[in-house]
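Trainee: I have a new structure open and don't know where to begin. Can we go through a few parts of it?
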Amino acid sequence: MSIENKLSYYLKKSKELEKDHEKNIRLAILSSFTLNGISETFKVKCAEKKIYCDTYLGSYNQFNQEILHNQSNLYQFDPDIVFLILDTRSLLGDLWYSPYSLDVKQRKEFIEKKFEDIKNLIQIFIKKSKSKFIISNFTIPTKSNYGICETKSDFGLQKMIIKLNENLQDFILNLDSVYLFDMNCFITRHGENNVFDPKQFLFGDIKISLDYIPYLVNDLIGYVIAILGLSKRCIVLDLDNTLWGGIIGEDGFDGIKLGSGPPGNAFVEFQKSLLGLYNRGILLAINSKNNPNDALEVIENHPDMILKKEHFACMKINWNDKVSNMKEISKDLNFGLENFVFVDDDPINREFMKSSLPEVLTVELPKDPSKYVKSLEEMNEFNVLKITDEDTKRGLMYSRQKERKDL
């Protein structure tokens, strides 16, 4: 997990921002609990991506009133995106501690009623606003006063929330303007003991600790990127010590690290992760200082190479500087430099790219190749509102186009 700045950093930084960015967006945040600092963090994180962000933070636990009343401050603000962040404790009330005070039938009726309430709220909002609406699902409780018997209980506490989440996801599946934020996944990834601070909760109904507000916003920014159409289209990759361990010009075909055991398996895993992105429509390209014949021999013939020649929409394997190569790749693929992500293990090459072509997103790749996959997974720049059949075939289309051009 990448290290985030403290909330205090974003509070201070938000006061220094200027409205000089190309993109503008209006964000409203509604919640069933206290989310102090989320507006300031959104402003700073958006500014880092050259987006000016105007925010509205709803009053404490007033999301129902905000959505139901035509003249509420929410509608007066006229947002482009509304985030509704809900939590399981608020939903269940006293049932959080005593869910089995209701029998099975009553528990099912309770969840059905809560789902209908949320469903109606979404439908009302859709009628009143053209804004995109992002609602969180509910965190599945990890503790039960039934202890080890929880999983033996018919429609127990955990199953109640699982069922509610399933209903919610099924309901919004075909609603074009409504999306689900997986809060349960967020808590699982960062750890409940980290995200939930009992002292902060008792002090001010803070259910996401102040230190984890920046992590939450980092995830939510993915929706902003997708809605503004700022998602990246192509990952441009170095080869030596990036797609395989070692230097092909020095270590030779049999000497590079790429295979089923460590450290070579870290590069295999990284390539598999890249292939997953390729299969959903992200283009791949190569920008490498190397002897072309040596590099292509590995790409085409190494038994543990996951990515093959056909997976790359463009390949610049030569002794030119990487900035010049990047400009050529942009020209060949016919889209702007702001659409590219540059991945290289060498900090000197990264710094050269950042200073020369700041439009390109240069990834700070960790020194340990076992963490390469994690660095990709933590990026939210590949988010889009919809993945189509055409997207999944994009890489193949560009590959065939390259072959025709080569011929």
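Mentor: Begin with a cysteine, and keep in mind that this is a predicted model. The sulfur of Cys234 lies 7.9 Å from the closest cysteine sulfur, which belongs to Cys314, and that is too far for a bond.

Trainee: What cut-off applies to a disulfide?
Mentor: The two sulfur atoms must be within 2.5 Å. By that rule the count is 0 disulfides.

Trainee: Is Cys234 buried or exposed?
Mentor: Cys234 is buried, with a relative accessible area of 0%. Cys314 also counts as buried, at 5% relative accessibility.

Trainee: Switching to helices. Which residues of α8 are buried?
Mentor: Helix α8 covers residues 183-190, and Met183, Asn184, Phe186, Ile187 and His190 are buried there. Down the axis of α8, the buried residues fall within an arc of 160°, so they line one face of the helix.

Trainee: Why would residues spread along a helix point the same way?
Mentor: An α-helix has 3.6 residues a turn, so residues three or four places apart point the same way.

Trainee: What do the buried residues of α8 pack against?
Mentor: They pack against the strands β3 (81-85), β4 (132-136) and β5 (178-181), and against the helices α9 (192-195) and α11 (213-227).

Trainee: And what follows α8?
Mentor: Gly191 does, and its phi is positive, near 95°.

Trainee: Back to the strands. How many bridges join β4 to β5?
Mentor: There are 4, and the two strands run parallel. Ile134, for one, has Tyr179 in β5 as its bridge partner. Between β4 and β5 the chain passes through helix α7 (residues 157-172), making a right-handed β-α-β crossover.

Notes
Residues numbered from 1 in each chain as written. Predicted model: local features only at pLDDT ≥ 70, side-chain atom pairs only at ≥ 80, totals over all residues. Heavy atoms only, no water. Buried < 20%, exposed > 50% of the residue type's maximum accessible area, 1.4 Å probe, protein only. Arc of directions from axis to C-beta. Contact = heavy atoms within 4.5 Å. Pairing = 2+ DSSP bridges. Right-handed = clockwise from strand over helix to strand, strands pointing away.
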